[in-house]
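Subject: Handing over the structure

Hi there,

Here is the structure I promised to pass on to you. My notes on what turned up in it follow just below.

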Amino acid sequence: MPIHIDLDLCDQNEDCPAATYCLYGALYFDHSEKRLKYDREKCQNCGTCVNHCGPGALYYAKDDDELNMLVEELKKLKEL
């Protein structure tokens, strides 16, 4: 399951609950870059991170095509 992190909404909290609840280490805070990151290879498609994202900055899609459409729609909304 591909994930998109909306960096405009993400508060970049190093104690991010979404990352904390990720049992597989797919979502994590990179201390060197001071931002949330996602490792798609580790993701097990459980959706737990999306459910625990307080600011609502995480989105998931069933495949890359859906993710690309989602990202394009989010860009359009921000332009309004």
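Tyr-21 has its place in helix 1. Please keep in mind as you read that this is a predicted model. Is Tyr-21 buried or exposed, or something in between? With a relative accessible area of 44%, Tyr-21 is partly exposed. Setting aside the neighbours within four places in sequence, Tyr-21 is in contact with Thr-48 and His-52. Tyr-21 can also be paired with Asn-51: the two are 30 residues apart in sequence, but from C-alpha to C-alpha they are 9.5 Å apart in space.

Next, the core. Nonpolar side chains tend to be buried together in soluble globular proteins. In this model the largest nonpolar core has 16 residues, and the members that touch the most others are Ile-5, Ala-18, Leu-27, Leu-36, Cys-49 and Leu-58. Which elements give two or more residues to this core? They are strand 1 (3-5), helix 1 (17-21) and helix 2 (48-51).

Ala-18 is a good residue to click on here. Once its neighbours within four places in sequence are left aside, Ala-18 is in contact with Leu-27, Cys-49, His-52, Cys-53 and Leu-58. Among these partners, Leu-27, Cys-49 and Leu-58 also appear in the list of core members that touch the most others. His-52 is a contact of Ala-18 and also a contact of Tyr-21.

Then there is the question of empty space. Rolling a probe the size of a water molecule over the atoms shows where such space is left. How many cavities of 30 Å³ or more does a search of the whole structure find? The search finds 1, and the volume of the largest cavity is about 90 Å³. Its lining is made up of 15 residues, and those that lie nearest the centre are Cys-22, Ala-26, Cys-43, Cys-46 and Cys-49. Sorted by type, the lining residues are 10 nonpolar, 4 polar and 1 charged. You will recognise Cys-49 from the core, and here Cys-49 is back in the cavity lining.

On to the charged side chains. Side chains of opposite charge can pair when their charged atoms come close. A search of the whole structure finds 8 salt bridges, and some of them are joined up: Asp-30, Glu-33, Arg-35 and Lys-37 are linked in a network. Within it, Glu-33 pairs with Arg-35, where the closest N and O atoms are 3.5 Å apart. Glu-33 also forms a salt bridge with Lys-37, and there the closest N and O atoms are 2.8 Å apart.

How exposed are these residues? Glu-33 is partly exposed, at a relative accessible area of 44%, and Arg-35 is partly exposed too, at 30%. Lys-37 has 17% relative accessibility, so it counts as buried, the limit being under 20%.

Another salt bridge sits in helix 3 (residues 64-79), which holds both Lys-75 and Glu-72; they are 3 residues apart, about one turn of the helix. Their closest N and O atoms are 3.6 Å apart. Lys-75 counts as partly exposed at 45% relative accessibility, and Glu-72 is partly exposed at 40%.

Helix 3 is also where you will find Asp-65. This residue is exposed, with a relative accessible area of 58%. In sequence, Asp-65 and Pro-2 are 63 residues apart, while in space they are 9.8 Å apart, C-alpha to C-alpha.

Finally, two backbone details. Gln-12 is not a glycine, although its phi is positive, at about 55 degrees. Where does Gln-12 lie? Its place is the loop between strand 1 and helix 1, and at 23% relative accessibility Gln-12 counts as partly exposed. Lys-34 is not a glycine either, and it has a positive phi of about 55 degrees. Lys-34 belongs to the loop between strand 2 (27-30) and strand 3 (35-38). With a relative accessible area of 61%, Lys-34 is exposed.

Happy exploring, and all the best!

Conventions:
Residues are numbered from 1 along each chain as its sequence is written. This is a predicted model: local features need pLDDT of at least 70, side-chain atom pairs count only at pLDDT 80 or more; totals for chains, interfaces and linings use all residues. Side-chain values use heavy atoms; hydrogens and water are left out. A nonpolar core is a set of buried Ala, Val, Leu, Ile, Met, Phe, Trp, Tyr and Cys residues joined through side-chain atoms within 4.5 Å. Buried means under 20% relative accessible area, exposed over 50%, partly exposed in between (1.4 Å probe, protein chains only). Helices (H or I, at least four residues) and strands (E, at least two) are DSSP runs, numbered from the N terminus. Contact means heavy atoms within 4.5 Å. On a 1 Å grid over the protein atoms alone, a cavity is a set of points where a 1.4 Å probe fits but cannot get out, and a pocket is an open set with protein on both sides within 12 Å along at least five of seven lines; lining residues have an atom within 4 Å of a point. Grid points are joined across faces, edges and corners, and a volume is the space filled by probe spheres set on the points. Ala, Val, Leu, Ile, Met, Phe, Trp, Tyr, Cys and Pro count as nonpolar, Asp, Glu, Lys and Arg as charged, and the others, Gly among them, as polar. A salt bridge is a side-chain nitrogen of Lys or Arg within 4 Å of a carboxyl oxygen of Asp or Glu.
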